[in-house]
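Work through the exercises below with the sequence and the model open. Each task is followed by a solution in steps.

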Amino acid sequence: MDSLETELERARALDESELADAIETIGFECTRCGACCKAEAACGEGGESDDEASDVADGPSGKTETAETDADPHTATVFPDEIRQLQAAGEYDFRDVARPMPYGLADGPDGPEGETFEWALQTDDCGDCTFYTEDDDGTGACTVHGDRPLICRTYPFSVALGGTSQPMGEAVDEEGMVRAHECEGLGRDISRADAEELAAALKERAVRELTEAIGVRDNYRPVDQSAGQVVVHDSEGAKRPDGSLYE
C-alpha cells in the first residue's frame with residue numbers, strides 16, 4: 001500500500017460522476033431489512049439468543065454482553081465529530097452513542113483491556129445498533145437517520161483505496177473504484193440523483209477515513225495502562241471509554 005498521504009490525495013481526486021456511474025451499474029435500493037444494523041445472530045426477549053439462551057453480565061462499556069454466544073455485536077466505525085453530532089442531536093451522553101472498537105482489545109480478568117484505534121456505534125443488549133428500531137412487521141428504521149454517520153450513509157459501498165474500511169467483509173461486486181458488500185438491496189434500480197448523493201458521501205467518507213488514520217498516527221502517544229484499562233486512540237489523542245482525554 002502507498003502512504004496514507006498518497007491515498008488521501010487519490011481520495012480527494014475521485015470523480016464523483018464516475019463513482020455514481022459505478023453505483024448505477026451495480027444497482028442498489030435499501031429494503032430496510034436491518035441486516036447492516038444488527039448483530040449476526042437473532043436476539044430473543046431479555047437479550048437472549050433465539051438459538052441458545054445465555055447468561056448475561058454488564059460489560060465495561062455499560063451495555064449487557066452475552067456470555068455464551070459466538071455472535072459478534074454490530075460494529076460500525078464512527079468519527080469523533082460524528083459522535084458529538086449525535087450527542088447534540090439527541091442530548092445523549094458519550095457512552096450512549098459510542099463504545100471502544102473491540103478489535104485489538106484482549107480479555108482481562110475484569111473485562112476487555114488494551115488499546116484500540118477507533119470508535120464503534122453503541123449497541124443494545126442484543127448487540128444491535130442502539131439507534132436501530134423495527135416496526136411490528138419487521139421493517140427497520142434508524143432513529144437518528146438525518147444525523148447517521150458516513151459509514152451508514154454509504155453502506156453497502158466502499159472505494160478501492162488503501163487505508164479505507166471494507167464494511168461487512170470482502171466485496172461481493174465491484175465496478176471501477178467502487179466495491180459493493182453483502183446486502184440484499186444490491187442489483188436493484190437506483191435513480192441518478194440517489195446514485196450521485198451516494199457517490200458524494202462515499203468520496204467524503206474515503207477522505208475522512210484517511211484523514212482520521214493520519215491523525216491517529218500523528219497523535220499517537222503511549223499511555224501507561226493498568227489492568228482492566230481500555231485506551232482508544234483517535235485523531236484527537238488517547239481517550240478513555242467515556243470519550244475524555246488522558247492527560
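The model is predicted.

**Exercise 1. The end of helix 2**

Task: State which phi value G27 takes, and where G27 lies relative to helix 2.

Solution. G27 comes just after helix 2. Its phi is positive, at about 85 degrees. For the other end of the helix, look at D15, which caps the N-terminal end of helix 2. A side-chain oxygen of D15 lies 2.8 Å from the backbone nitrogen of S17.

**Exercise 2. The two sides of helix 2**

Task: Find the buried residues of helix 2 (residues 16–26), and identify what they pack against.

Solution.
Step 1. Buried means under 20% relative accessible area. In helix 2 the buried residues are L19, A20, A22, I23 and I26.
Step 2. These residues cover an arc of only 160 degrees around the axis, so they sit on the same side of helix 2. An α-helix has 3.6 residues a turn, so residues three or four places apart point the same way.
Step 3. On the face turned away from the buried side, helix 2 carries the exposed residues E18 and T25.
Step 4. The packing partners of the buried residues are strand 10 (157–159), strand 11 (173–175), strand 12 (178–180) and helix 6 (192–219).

**Exercise 3. Strand 6 and its partners**

Task: Determine in which sense strand 6 pairs with strand 5, and in which sense with strand 13.

Solution.
Step 1. Strand 5 (residues 106–108) and strand 6 (residues 111–116) are antiparallel, with 3 bridges between them. A hairpin connects the two through 2 residues.
Step 2. Within this pair, A106 has E113 of strand 6 as its bridge partner.
Step 3. Strand 6 and strand 13 (residues 230–234) run parallel and are joined by 3 bridges. Here G114 stands opposite V230 of strand 13.

**Exercise 4. The setting of K239**

Task: Decide whether K239 is buried or exposed, and list the side chains with which K239 makes polar contacts.

Solution.
Step 1. K239 belongs to strand 14 (residues 237–239).
Step 2. Its relative accessibility is 4%, so K239 counts as buried.
Step 3. The K239 side chain makes a polar contact with the side chain of D234 at 2.8 Å, and another with the side chain of E236 at 2.6 Å.
Step 4. E236 and K239 also form a salt bridge, with the closest N and O atoms 2.6 Å apart. E236 is partly exposed, with a relative accessible area of 35%.
Step 5. Leaving out residues up to four places away in sequence, K239 touches residues including P80, W119, V230 and Y246.

**Exercise 5. Salt bridges**

Task: State how many salt bridges the whole structure holds, and work out which parts the D81 and R208 pair ties together.

Solution.
Step 1. A search of the whole structure finds 14 salt bridges.
Step 2. One of them joins the side chains of D81 and R208, at 2.4 Å from N to O. D81 lies in helix 3 (residues 80–90) and R208 in helix 6, so the pair ties together parts that are 127 residues apart in sequence.
Step 3. D81 is partly exposed at 34% relative accessible area, and R208 is partly exposed at 23%.
Step 4. R217 and D218 also meet through their side chains in a salt bridge, at 2.9 Å from N to O. R217 is partly exposed at 41% relative accessibility, and D218 is partly exposed at 44%.

Methods: Residues numbered from 1 in each chain as written. Predicted model: local features only at pLDDT ≥ 70, side-chain atom pairs only at ≥ 80, totals over all residues. Heavy atoms only, no water. Pairing = 2+ DSSP bridges. Helix = DSSP H or I, 4+ residues; strand = E, 2+ residues; numbered from the N terminus. Buried < 20%, exposed > 50% of the residue type's maximum accessible area, 1.4 Å probe, protein only. Arc of directions from axis to C-beta. Contact = heavy atoms within 4.5 Å. Polar contact = N/O pair within 3.5 Å; in protein donor to acceptor, adjacent residues only side chain to side chain. Salt bridge = Lys/Arg side-chain N within 4 Å of Asp/Glu carboxyl O.
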